[in-house]
Amino acid sequence: MSLAITVSAYGGPEVLALSQVAAPEPGPGQVRVRVRASAVNPIDVRIRAGMMQGVFPVTFPMVPGWDVAGVVDKVGEGAAASVGDEVFGVAPAGGYSQYAVLDRPVDKPKELSFETAAAMVTVGEAAYRAIEHLGVQPGRTLLIHGAGGSVGALAVQVAVARGITVIGTAAERDLQRLTGLGARAVRYGEGWAERVGAAAPGGVDFVFDASGAGVLADSVALVGEPGRVITIADPAFAEHGVRFTGMDPADRCPEALPRLAGLIAAGKLDVPVWRAYPLAEAARAHADIEARRNKGKVVLLP
């Protein structure tokens, strides 16, 4: 058996309950890990609240969470890891638990804590994927909307590490931090296009929208064609001919996690973990994210 957080009905944070569930068994190619850290993502909050029923229908009771890091304790036939290995990755389901199964375990470098490894899975892959899909080359200029958020801040760092010039739009409180990450930071909101123009007098080549703040039309006008713009957050993408990435699992970049882990180990990527909660306090973690109190990632420690 395994302690896990279960949800038996849509609702507020109070529907998250600590329960006993059957420990999952690894299938062919899979490993089971004793979870040491599980990340809490905003999408977990939306699924729990019933806001994603058309995209992620669930069967109750469910165990939320996907992003985990831990120690392999059981392996399926043909698995690419051994008992005792420290790994991280995406669980098909049930990350808020003492035990979870991974399809593609990634070796965790010793320089990464379990908390950091779990925290960067979804946000790191999304940031890496967007830049890959855009095909931004060193020396080009990339505008990142929502650069102060978890995905945006990682995208800034990935791009800077590749020799890409980054312009990042964000709230006033985040501008100094983004400058420290190597971006030319610009306040978001009305007039952002003019401020971006002043920060990038040579023009912008590509745009990554991680904000969903209705910036696609002006972004397309800024770069001259919709093929140079990508979003992970704006449902109006089709109206502007812009690519949306994130819904199709086949769209993902499996090479992202080991490469990001290497950047963290080399000191070129920082994933701030704002707070780590015991598993039993998952409701507090969700409440913090809903109230936007967190200034970085939130993780659970089973």
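Start by selecting the open sheet in this predicted model: its 6 strands are ordered β10-β9-β8-β11-β12-β13, and their pairing is parallel. Now find the edges, β10 (184-187) and β13 (243-244), each of which pairs on one side only. If sheets are new to you, strands pair through backbone hydrogen bonds, either parallel or antiparallel.

Zoom in on the β13 end. Strand β12 (residues 229-231) runs parallel to β13, and 2 bridges join them. Click on isoleucine 230 and look across: opposite it, in β13, stands arginine 243.

Next, add the helices that lie against this sheet. Select α3, residues 121-134: this helix packs on the sheet and touches β8 (141-145), β11 (206-209), β12 and β13. Compare directions, and you'll find that α3 makes about 150° with β11. Then pick α6, residues 192-199, which also packs on the sheet, touching β8, β9 (165-170) and β10. The direction of α6 makes about 160° with that of β10.

Stop at aspartate 251, in the loop between β13 and α8 (256-265). Is aspartate 251 buried or exposed? Its relative accessibility is 14%, and buried means under 20%, so aspartate 251 counts as buried. Show what it touches: leaving out residues up to four places away in sequence, aspartate 251 is in contact with Arg129, His133, Arg243, Phe244, Thr245 and Gly246. You've already met Arg243, the one opposite isoleucine 230.

Time for the inside. In soluble globular proteins, nonpolar side chains tend to be buried together. Here the largest nonpolar core has 47 residues, and the ones touching the most other members are Phe88, Met120, Ile131, Leu142, Ile144 and Phe208. Which helix gives the most to this core? That's α3, with 8 residues. There is also a second, separate core of 18 residues, including Leu16, Met62, Ala285 and Ile289.

Those last two lead to the final stop, helix α9 (residues 282-290), whose buried residues are Ala282, Ala285, His286, Asp288 and Ile289. Turn the view so you look down the axis of α9: the buried residues fall within an arc of 160°, so they line one face of the helix. What covers them? Among the elements over these buried residues are β1 (2-7), β2 (16-21), β3 (31-40), α1 (42-48), β14 (273-278) and β15 (297-301). Finish just past the helix at arginine 292, which follows α9 and has a positive phi, near 55°.

Notes
Residues are numbered from 1 along each chain as its sequence is written. This is a predicted model: local features need pLDDT of at least 70, side-chain atom pairs count only at pLDDT 80 or more; totals for chains, interfaces and linings use all residues. Side-chain values use heavy atoms; hydrogens and water are left out. Two strands pair if DSSP finds at least two bridges between them. Helices (H or I, at least four residues) and strands (E, at least two) are DSSP runs, numbered from the N terminus. Contact means heavy atoms within 4.5 Å. Axes are lines fitted to C-alpha atoms, for helices over the stretch in contact, and angles run from 0 to 180 degrees between N-to-C directions. Buried means under 20% relative accessible area, exposed over 50%, partly exposed in between (1.4 Å probe, protein chains only). A nonpolar core is a set of buried Ala, Val, Leu, Ile, Met, Phe, Trp, Tyr and Cys residues joined through side-chain atoms within 4.5 Å. The arc is that of the directions from the helix axis to the C-beta atoms.
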